[in-house]
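Me: Could you take me on a close look at one part of this molecule? I am new to it, so please pick a single stretch and then show me how it fits with its surroundings.

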Amino acid sequence: MKLSTIGRYLDQPLLTAKINKNIPALLTIGSSGLILNQLQNTSKEDRKKTGLKSAIILGVTILSAVNAPKIAAYVTGRKPSKTVNEIVKENTHTVTEFLAQNMVSDKLANILNRAKTKILSLKEIDLINTKQHKTLLDKLIPPPENISAKDIFREIGWLSIYGAVPVAGGILGGVAADKITEKNWKDRVPNKVKEGVYQYLANIFLCNIGAGAALAVLEKFNIKSKAARCVGMVSGILLTGVIGGSVIANYISKKFINPVFSQKSKDDTRTPELLDLGLHTDDIATVSLLSGLKWIEPSLPVLYAISGYRAGIGYRNHQHVDNSKPEKRLHFLRNKC
C-alpha cells in the first residue's frame, strides 16, 4: 500500500465533514464526563453550585467553539467547509460522469458507486490511487496544495479568529456563572481575563504568527519542500508561542489588565504547565492547514474549547484547594496526579 493512499484516506472530504458533524456531540459527552467527575470530588453541600457553574461555563464555551469556524469564515471571507450533503452531491456527479465516459471493471465500478455517499477504505482508495485514475481521484479527494505567500496571513487570520471565539465565550460563560453563583463575582473577573489572554496569546495567536512568518520566509526563498515547510513552521511556533507567548501574556496582564481592574501589581505570573504544552497540539493543526492538509481541522473546536474552559474558570498557578471552585479543583487534581 502506497504512503500517499494513507494521506488520501485522511483527506477524504466526506470523512472530514462527518467528523465535523459529530463534534458537538463529542464535546457534549466530554463536558458531561468532566462535570460528573467534578461532582464526585465535591462535597454534597457544594455540588449544586459546582454543577451549575461548570454547566454554564462549558455550555457557553462549547456553543462558541462549535460556531467559531462559521464566525471566522464570515469575518475573513473564507469559504465555509462543505457539508456532508454538498460533498455527496459533488461526488455523485463526478462518479456518474466518469462511469458514463469510461469502461471499468465491476469491482472498480462498485467502489466508485460507494464513493458517492460512503467513506472509502484504505484498500479501496489504493485501487483508485493509480496514474490512470489520478484525475478522477483528485476530483473525489483533492490533493493538498502548498498555500502561496499571499494567502498565508489570510489563513492565519481565520485561525486566530477561530481560536479567539471559544476563549471569549469561555470568559463570558465564566463571568455569567460566577454572577449567578457567587456574591463576590466581580473579584473573579480579572483572573478570567488574564487566563484568557494567556490562553489566546501563548497557545493560539502567537503560534499562528510564528508559523506564518516562518512560512513567508520559506516562500520568499522559493522553498516548497513540505518537510522544510513543516520544520520551519514548527520552529516559528517554538520561538513565538511556546517561548515568547508566556512572557508576552504575563507582561500584558501586569501592565494593562491589573490596572484596569484596580489590582495591585502582585506577582501572579502564569507559568506554563504540562497541559499548556499539551494544548500546543493545535499547532499541529496550524502546520497541517498551512501546509495544505485538511484532515486535522475537525480537532480544532475540541482543542480551542479546552483553552476557552480554562479561561472561563480563571485558572491560574499556585492556588489553594477549594472543592467548591472548579478552577482550584482542576489545579489540585493535576498536582495530585
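Reply: Happily! A residue is called buried when under 20% of its relative accessible area is left, exposed when over 50%, and partly exposed in between (1.4 Å probe, protein chains only). This is a predicted model, where local features need pLDDT of at least 70 and side-chain atom pairs pLDDT 80 or more, while totals for chains, interfaces and linings use all residues. Residues are numbered from 1 along each chain as its sequence is written, and side-chain values use heavy atoms, leaving out hydrogens and water.

Let us start with helix H5, which covers residues 106–115. Helices (DSSP H or I, at least four residues) and strands (E, at least two) are numbered from the N terminus. Within H5, the buried residues are Leu108, Ala109, Ile111, Leu112 and Ala115. Looking down the axis of H5, these residues fall within an arc of 160 degrees (taken from the directions from the axis to the C-beta atoms), so they line one face of the helix. Turn to the face of H5 that points away from this buried side, and you meet the exposed residues Asp106, Lys107 and Asn110.

What do the buried residues of H5 pack against? Their partners are H4, helix H6 (122–128) and helix H7 (134–140). Contact here means heavy atoms within 4.5 Å.

Ala115, one of the buried residues of H5, also leads us to an empty space, as it is among the residues lining the largest cavity. A cavity is a set of points on a 1 Å grid where a 1.4 Å probe fits but cannot get out, and lining residues have an atom within 4 Å of a point. The volume of the largest cavity, about 90 Å³, is the space filled by probe spheres set on the points, which are joined across faces, edges and corners. Alongside Ala115, the lining includes Gln12, Pro13, Leu14, Ile87 and Asn91, as well as Lys118, Leu120, Leu140 and Ile141. H2 and H4 are the elements that give two or more residues to this lining. Sorted by class, the lining of the largest cavity holds seven nonpolar residues, two polar and one charged. In this scheme Ala, Val, Leu, Ile, Met, Phe, Trp, Tyr, Cys and Pro are nonpolar, Asp, Glu, Lys and Arg charged, and the others, Gly among them, polar. A search of the whole structure finds two cavities of 30 Å³ or more.

Now step back from H5 to the whole chain. The chain has 14 helices and zero strands, and buried residues make up 46% of its 337 residues. Taking contacts between residues at least 6 apart in sequence, 77% join residues at least 24 apart.

Ile313 gives a good example of residues distant in sequence being brought together in the model's coordinates: Ile313 and Lys53 are 260 residues apart in sequence and 9.1 Å apart in space, C-alpha to C-alpha. You will find Ile313 in the loop between helix H13 (300–312) and helix H14 (326–336). With 2% relative accessibility, Ile313 counts as buried.

Two more residues round off the tour. Asn203, in helix H9 (residues 189–220), is buried too, at 2% relative accessibility. Val231, by contrast, sits in helix H10 (residues 226–260) and counts as exposed at 57% relative accessibility. Between Val231 and Ala214 there are 9.2 Å in space, C-alpha to C-alpha, for two residues 17 apart in sequence.

Terms used: 1 Å grid on protein atoms, 1.4 Å probe; cavity = no way out; pocket = protein on both sides within 12 Å on 5 of 7 lines; lining within 4 Å.
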